[in-house]
Amino acid sequence: MPEGDTVWLAARRMHDALAGRVLMQTDFRVPQLATASLAGQSVTEVVSRGKHLLTRTDAGLTLHSHFRMDGTWHLYRPGSRWSGGPAWQVRAVLTNADWQAVGYRLPVLELLATDDESSVVGHLGPDLLGPDWDQEEAVRRLQKQPAREVGPALLDQRNLAGIGNLYKAEALFLSGITPWMTVGDVSDLAAVVRRAHRLLNANKGHWQQTTTGSTRRGEDHWVFERAGRPCRRCGARIVQAMQGEDDHPEQARISHWCPQCQRGPAPQP
Ligand SMILES: [Zn+2]
């Protein structure tokens with residue numbers, strides 16, 4: 001599941017392969033960009049903003065993509081075999097003399113003027129992995145809705161950008177509180193945000209996401225996707241339940257927690 005660290009790393013790899021080079025060919029396989037071409041333009045930079053990826057060109061254009069559940073960009077040398085999925089899942093191909101960037105399953109893919117980027121990322125809260133990360137502002141935004149449960153509040157990219165379901169679950173475990181505690185009841189919200197920031201930062205340089213320090217399968221997370229298995233700290237059985245909000249029931253997400261290590265309200269698993 002792409003979270004802020006995955007998109008940050010994708011942006012860095014894309015930047016290394018594309019920036020400063022002329023695009024010889026572009027191929028967009030989505031209806032809204034069927035006739036678009038960036039051929040002849042140079043990529044100036046590729047950056048991430050939260051979970052959004054922005055590829056900018058010297059013509060003042062930005063290709064905006066978002067990974068959502070399982071979108072991704074792969075880089076290939078020209079002529080090598082593509083391995084990111086079946087051809088019908090390819091949404092975009094950007095080709096320069098040395099690399100082909102292939103975008104798979106991207107649910108969001110659009111071209112806009114770089115000057116208009118704020119229309120697609122302007123709503124985001126402080127970017128946990130951005131150069132302008134502002135923890136105080138993130139806490140301030142979270143605190144504006146004290147009655148909200150902290151789990152969904154951390155996932156709301158308008159509060160802070162980059163946290164997905166994995167880092168939400170793990171930061172709350174490390175903070176010892178359930179995802180159902182309200183923001184107003186969290187005694188040290190800044191510490192929760194700091195933990196999430198530290199986890200994302202520690203994982204941004206590689207594809208594997210570990211929150212425990214171990215990279216072994218089954219040992220790399222504390223609670224995320226470990227329902228039914230013993231807590232690595234106390235031995236209690238990890239539980240899971242869906243958590244949503246009344247005004248956005250479609251955004252309900254699965255939450256994992258340890259009933260012993262994490263205090264606060266929680267439903268019956
Ligand atoms: Zn425990």
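**A four-cysteine zinc site and an open sheet**

The donor residues of the zinc ion follow the spacing C-x2-C-x23-C-x2-C along the sequence. The structure discussed here is a predicted model, and in it the zinc ion takes its protein donors from the SG atoms of C231, C234, C258 and C261, which sit 2.2 to 2.4 Å away from the ion. The angles among the 4 donor atoms run from 101 to 113 degrees, and the site comes out as tetrahedral. For reference, the ideal angle for four tetrahedral donors is 109.5 degrees. As for accessibility, C231 has a relative accessible area of just 5% and is buried, whereas C234, at 36%, is partly exposed.

Moving on to the sheet, 4 strands line up in the order β1-β6-β7-β5, with antiparallel pairing, and the sheet is open. Its edges are β1 (25–28) and β5 (72–76), each of which pairs on one side only. On average, neighbouring strands here are turned by 15 degrees against each other, ignoring direction. Strands β6 (residues 90–95) and β7 (residues 100–104) are joined by 5 bridges in the antiparallel sense, and A92 faces G103 of β7. Helix α1 (residues 4–18) packs on this sheet, where it touches β5, β6 and β7. The direction of helix α1 makes about 35 degrees with that of β5.

Then there is strand β3, which spans residues 52–57 and includes T57. T57 counts as buried because its relative accessibility is 5%, under the 20% cut-off. Leaving aside residues up to four places away in sequence, T57 touches L38, Q41, S42, V43 and T44.

Technical notes: Residues numbered from 1 in each chain as written. Predicted model: local features only at pLDDT ≥ 70, side-chain atom pairs only at ≥ 80, totals over all residues. Heavy atoms only, no water. Donors = N, O, S within 2.8 Å, 3.2 Å for Na, K, Ca; no water. Tetrahedral: all angles 85-135°; square planar, octahedral: opposite > 155°, others 65-115°. Buried < 20%, exposed > 50% of the residue type's maximum accessible area, 1.4 Å probe, protein only. Helix = DSSP H or I, 4+ residues; strand = E, 2+ residues; numbered from the N terminus. Contact = heavy atoms within 4.5 Å. Pairing = 2+ DSSP bridges. Axes fitted to C-alpha atoms, helices over the stretch in contact; angles between N-to-C directions.
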